[in-house]
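The following exercises ask the reader to work from the sequence and the model shown below. Each task is followed by a solution in steps.

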Amino acid sequence: MFCAKCGSKLPDNVKFCPGCGEPVNTKANPWTQKNAEGGSSDYTAGTSAASMNYSQNPSNGTGAYLEDNKDTSQVMAIVAYITMVGWIIAMAVTGNKRNRFVNFHLNQALVIWLFSFLGLVPVIGIFWSIFMLILGVLGLVSACEGSMKEVPLLGKIHILKENR
């Protein structure tokens, strides 16, 4: 069995992880091995929980943002970056049922799309448009990885309210 918080291998019959002190819950621990005879395991050997991306991390307290419907959430986050029409479709499909992951990427994509209009400014517009394209690709890669990485410069701007 492995610790859900730090990924350390746990000795049998322990109540707390010796590595991080997290209480061990054997019934709800998705990191436990499926069979003791060397069968398949939910844990990837040599990978700590901290180094895994959000789509792989099963711990609810550390950022499992694709919890409801991983495929739909990730697709909607990706579609939002592709075109402005894609953003509108993602917003309409998810409605009020957006989880934190989708809401984060819808906000990031909206900010990128809105600031892209500054590319219409003569002379510096071409450089700004290239910068916005790079930010869009960074956001798209983040959505594909299942992570919530803010894009440089514009990532701290929040237009959409977070659903509760």
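The model is predicted, and every exercise below should be read with that in mind.

**Exercise 1. An aromatic pair**

Task: Determine which residues form the aromatic pair of the structure, how their rings are arranged, and how exposed Trp128 is.

Solution.
Step 1. Trp128 is partly exposed, its relative accessible area being 22%. Phe131 also counts as partly exposed, at 27% relative accessibility. Both assignments follow because partly exposed covers the range between the 20% limit for buried and the 50% limit for exposed.
Step 2. Both residues belong to helix H4, where a separation of three residues places them about one turn apart.
Step 3. A pair of aromatic rings is described by the distance of the centres and the angle of the planes.
Step 4. The structure holds one aromatic pair. Trp128 and Phe131 form it, with 5.5 Å between the centres and 50 degrees between the planes. The pair is classed as tilted, because planes under 30 degrees apart would count as stacked and those over 60 as edge-to-face.

**Exercise 2. The two sides of helix H4**

Task: Compare the span of H4 with the expected value, and establish how the buried residues of H4 are placed around its axis.

Solution.
Step 1. H4 comprises 21 residues and extends 30 Å from its first C-alpha to its last, close to the 30 Å expected at 1.5 Å a residue.
Step 2. Its buried residues are Gly125, Met132, Leu135, Gly136, Gly139, Ser142 and Ala143.
Step 3. Viewed down the axis of H4, the buried residues fall within an arc of 120 degrees, so they line one face of the helix.
Step 4. The face turned away from this buried side carries Ile126, Phe127 and Leu133, which are exposed.
Step 5. After H4 comes Gly146, with a positive phi near 80 degrees.

**Exercise 3. The sides of helix H2**

Task: Identify the buried residues of H2 and state which residues are exposed on its other side.

Solution.
Step 1. Gly86, Trp87, Ala90 and Thr94 are the buried residues of H2.
Step 2. These residues cover an arc of only 105 degrees around the axis, which puts them on the same side of H2.
Step 3. On the other side of H2, the exposed residues are Val85 and Ala92.
Step 4. Just after H2, Gly95 adopts a positive phi of about 50 degrees.

**Exercise 4. The largest nonpolar core**

Task: State which residues touch the most other members of the largest nonpolar core, and trace the contacts of Leu135 and Met132.

Solution.
Step 1. The core has 21 residues, and those touching the most other members are Ala80, Trp87, Leu106, Ile112, Leu135 and Leu154.
Step 2. Two or more residues come from each of helix H1 (70–82), helix H2 (84–94), helix H3 (100–116) and helix H4 (125–145). H3 gives the most, with eight residues.
Step 3. With neighbours within four places in sequence set aside, Leu135 is in contact with Ile112, Val151, Pro152 and Leu154.
Step 4. Met132, found in helix H4, is buried at 3% relative accessibility. Under the same exclusion of neighbours within four places, Met132 is in contact with Ile112, Phe115, Ser116 and Leu154.
Step 5. Met132 and Leu154 are separated by 22 residues in sequence, while their C-alpha atoms are 9.8 Å apart in space.

**Exercise 5. A buried asparagine**

Task: Is Asn99 buried or exposed, and which backbone nitrogen lies 3.2 Å from a polar atom of its side chain?

Solution.
Step 1. Asn99 is located in the loop between H2 and H3.
Step 2. Its relative accessibility is 7%, so Asn99 counts as buried, the limit being under 20%.
Step 3. A polar atom of the Asn99 side chain lies 3.2 Å from the backbone nitrogen of Phe101. The backbone nitrogen of Val102 lies 2.9 Å from a polar atom of the Asn99 side chain.

**Exercise 6. Positive phi outside glycine**

Task: Locate Val123 and Leu153, and state the phi of Val123 and of Leu153.

Solution.
Step 1. Most residues other than glycine have a negative phi.
Step 2. Val123 has a positive phi of about 70 degrees although it is not a glycine. Val123 lies in the loop between H3 and H4 and counts as exposed, at 71% relative accessibility.
Step 3. Leu153 likewise has a positive phi, near 70 degrees. Leu153 lies in the segment after H4 and is exposed, with a relative accessible area of 64%.

Terms used. Residues numbered from 1 in each chain as written. Heavy atoms only, no water. Core = buried A, V, L, I, M, F, W, Y, C linked by side-chain atoms within 4.5 Å. Buried < 20%, exposed > 50% of the residue type's maximum accessible area, 1.4 Å probe, protein only. Helix = DSSP H or I, 4+ residues; strand = E, 2+ residues; numbered from the N terminus. Contact = heavy atoms within 4.5 Å. Phe/Tyr/Trp six-rings, centres within 6.5 Å; stacked < 30°, edge-to-face > 60°. Expected span 1.5 Å × (residues − 1). Arc of directions from axis to C-beta. Polar contact = N/O pair within 3.5 Å; in protein donor to acceptor, adjacent residues only side chain to side chain.
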